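Hi everyone, and thanks for making time. Please have a look at the structure I am putting up, and then I will walk you through it.

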Amino acid sequence: MSTEEILKYGNSIGGLIVVACLIVFSIINKQLGKDERSRAIFLRVYSSMFYVFSALILLSIFFRIGKSVTGIAYQNMTVCMFALCVVFGTIHLIVLKKKY
């Protein structure tokens, strides 16, 4: 199985994961309400997602992954990285919700 085939399937699965995580985000958002605590939790989650996504992009640049794959495969890889960040953010949100 080549790298491009793995990325193609990862892109499809990543899209489904992002939709499921966004549903979880909206449910937890409605449960928490609109107070200062919920805003602080979501600020921490979104900032951590940004840092993870930035780190993944920098790793792909550092390891020169763009030179070994086509443009479509690189686009699919970016979608997979975004899906990983959303999954990380959802897990972080659930942990913070239970913690606070």
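I will start with the whole chain, then go to a pair of helices, and finish with two residues.

One thing to keep in mind: this is a predicted model. The chain has three helices and zero strands, so reading along the sequence you get the pattern α-α-α. If you draw a box along the principal axes, the C-alpha atoms fill roughly 45 × 25 × 15 Å. There are 100 residues in the chain, and 27% of them count as buried.

How much of the contact in the chain comes from residues 24 or more positions apart? Among contacts with a separation of 6 or more, such residues account for 81%.

Now to the helix pair. Two packed helices are described by the angle between their axes and the distance between the axes. Here, helix H2 covers residues 36-62 and helix H3 covers residues 71-99; they pack at an angle of about 150°, and their axes are 9 Å apart. With angles over 145 degrees counting as roughly antiparallel, that makes H2 roughly antiparallel to H3. The crossing of H2 past H3 is right-handed. What kinds of residues make up this contact? They divide into 19 nonpolar, five polar and one charged.

Let's stay with H3 for a moment. At 1.5 Å a residue, its 29 residues should span 42 Å, and the end C-alpha atoms are indeed 42 Å apart, so the two values agree. The buried residues of H3 include Ala73, Met77, Cys80, Val86, Gly89 and Leu93. While you look at those, remember that an α-helix has 3.6 residues a turn, so residues three or four places apart point the same way.

My first residue is serine 48, which you will find in helix H2. Is serine 48 buried or exposed? Its relative accessibility is 13%, so serine 48 counts as buried. Leaving out residues up to four places away in sequence, serine 48 touches Phe88 and His92.

My second residue is tyrosine 100, in the segment after H3. Tyrosine 100 has a relative accessible area of 45%, so this residue is partly exposed. Which residues does tyrosine 100 touch, again not counting those up to four places away in sequence? They are Arg37, Ile41 and Arg44. Tyrosine 100 also makes a nice example of sequence against space: asparagine 29 is 71 residues apart from it in sequence, yet the C-alpha to C-alpha distance is 14 Å.

That's my tour, and thank you for listening.

Definitions and conventions
Residues numbered from 1 in each chain as written. Predicted model: local features only at pLDDT ≥ 70, side-chain atom pairs only at ≥ 80, totals over all residues. Heavy atoms only, no water. Axes fitted to C-alpha atoms, helices over the stretch in contact; angles between N-to-C directions. Helix = DSSP H or I, 4+ residues; strand = E, 2+ residues; numbered from the N terminus. Parallel < 35°, antiparallel > 145°, perpendicular 65-115°, else oblique. Left-handed = near helix turned anticlockwise from the far one by under 90°. Nonpolar A, V, L, I, M, F, W, Y, C, P; charged D, E, K, R; others polar. Buried < 20%, exposed > 50% of the residue type's maximum accessible area, 1.4 Å probe, protein only. Contact = heavy atoms within 4.5 Å. Expected span 1.5 Å × (residues − 1).
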